[in-house]
Amino acid sequence: MRKPIIAGNWKMNGSRSSIKDLLDGIKAGMGDVKSAEVAICAPAIYLADVSAQLTGSKVAWGGQNLSTEASGAFTGEISADMLLDFKSEYVIVGHSERRTLYGETDELVAEKFEVARKAGLKPILCIGESLEERESGVTNEVCGRQINAVIERSGVKALAEGVIAYEPIWAIGTGKTATPEMAQETHAAIRQFIAEKDAAVAEKVRIQYGGSMNAANAADLLAMEDIDGGLIGGASLKAEDFLAICKAAG
Ligand code: PGA
């Protein structure tokens, strides 16, 4: 049995005071979350606040991106060690916003996955197709190519040390969710793609769904066999909504 994992991706949202209220609300409701693992991926500048508030709670935390470099003259970048300095457990790599707005390639994302993993962080590898790719029927090829970059660099077993987040780009922040059946079909295809290389890894690796998951649709999505959690953007900014999703995960 794979333990479900719900991760909030706050993106570039929040302030010190709004984050305090949000985390107070989440912590207050965590008693009703029985078995799901819960994590928050916060803007790096707030990790000190987040770690101070979440230490001792059931909620883990992490970053939204990292540098491939360990240290040095890389203005504006954040290293794996810096994330670890604030006791981060997770880091998102290859979010579609990083891929499309900041030009991150499959190879760069694979390198970030490797750097994170080797440092002791659990990378959340985001993959997913654009609307155009979905409409031209290449969803599975796109996801396969994005995962394959990691496999080629780090080997298939490395996948089990992280989490995969399947996030169809057309569903992110649009309110357009993939139907549970549609998401399940792609999740199963992703697992099958990995199983062809290593059945044990395919069985073990958790695949989250992301893209307009919310309090109303979470239970149906999470009920699907190959959906092992969610990566939550908009709905992670309200304690009530985020908790409802965490509870739906078990
Ligand atoms: P959304 O974002 O839940 O706001 O669609 C998900 C994500 O981008 O991780």
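This is a chat between two people about a predicted model and the reasons behind the words used for it.

Colleague: What should I know about the numbering and the cut-offs?

Modeller: Residues are numbered from 1 along each chain as its sequence is written, and side-chain values use heavy atoms, with hydrogens and water left out. The model is predicted, so local features need pLDDT of at least 70 and side-chain atom pairs count only at pLDDT 80 or more, while totals for chains, interfaces and linings use all residues.

Colleague: Which residues are closest to the ligand, and how many surround it?

Modeller: The ligand has 13 residues around it, and the closest are Lys-11, His-95, Glu-167, Gly-173 and Ser-212. A residue is near a molecule if one of its heavy atoms lies within 4 Å of it.

Colleague: What makes the pair between His-95 and the ligand a polar contact?

Modeller: A polar contact is a pair of N or O atoms within 3.5 Å; within protein, one must be able to donate a hydrogen and the other to accept it, and residues adjacent in sequence count only if both atoms are side-chain atoms. A polar side-chain atom of His-95 is 2.7 Å from a ligand oxygen, so the pair is within 3.5 Å and earns the name. Glu-167 also puts a polar side-chain atom 2.6 Å from an oxygen atom of the ligand. With Gly-233 a backbone N or O atom does it, at 2.9 Å from a ligand oxygen. On its own the ligand has 290 Å² of accessible area, and the protein covers 95% of that; such areas come from the Shrake-Rupley method with a 1.4 Å probe, and for residues only the protein chains shown count as cover.

Colleague: How does the shell around the ligand divide into nonpolar, polar and charged?

Modeller: The split is 4 nonpolar, 7 polar and 2 charged. Ala, Val, Leu, Ile, Met, Phe, Trp, Tyr, Cys and Pro count as nonpolar, Asp, Glu, Lys and Arg as charged, and the others, Gly among them, as polar.

Colleague: Why is the phi of Lys-11 worth a remark?

Modeller: Most residues other than glycine have a negative phi. Lys-11 is not a glycine, yet has a positive phi of about 55 degrees. Lys-11 sits in the loop between strand 1 (5-9) and helix 1 (16-29); helices (H or I, at least four residues) and strands (E, at least two) are DSSP runs, numbered from the N terminus. Lys-87 has a positive phi as well, near 60 degrees, and belongs to the loop between helix 3 (80-85) and strand 4 (90-93).

Colleague: Is Lys-87 buried or exposed, and how do you know?

Modeller: Buried means under 20% relative accessible area, exposed over 50%, and partly exposed in between (1.4 Å probe, protein chains only). Lys-87 has 61%, so it counts as exposed.

Colleague: And what is Ala-189 called, buried, partly exposed or exposed?

Modeller: Ala-189, in helix 8 (residues 180-195), has a relative accessible area of 23%, so it is partly exposed. Its C-alpha atom is 23 Å from that of Glu-114, 75 residues apart along the chain.

Colleague: Why is Glu-114 called buried?

Modeller: Its relative accessible area is 13%, so Glu-114 falls under the 20% limit. Glu-114 is part of helix 5 (residues 106-119). Not counting residues up to four places away in sequence, Glu-114 touches Arg-153 and Ser-154, where contact means heavy atoms within 4.5 Å.

Colleague: What makes Val-91 buried?

Modeller: Val-91, in strand 4, has a relative accessible area of 0%, so it is buried. Beyond four places in sequence, Val-91 touches residues including Gly-63, Leu-83, Ala-116 and Pro-123. The C-alpha atoms of Val-91 and Pro-123 are 5.0 Å apart, with their positions 32 residues apart along the chain.

Colleague: What makes a set of residues a nonpolar core, and how many residues has the largest?

Modeller: A nonpolar core is a set of buried Ala, Val, Leu, Ile, Met, Phe, Trp, Tyr and Cys residues joined through side-chain atoms within 4.5 Å. The largest has 66 residues, and among those with the most contacts inside it are Ile-26, Leu-159 and Tyr-209. Helix 11 (residues 239-249) gives the most to this core, with 6 residues. A second, separate core has 12 residues, including Tyr-90 and Cys-126.
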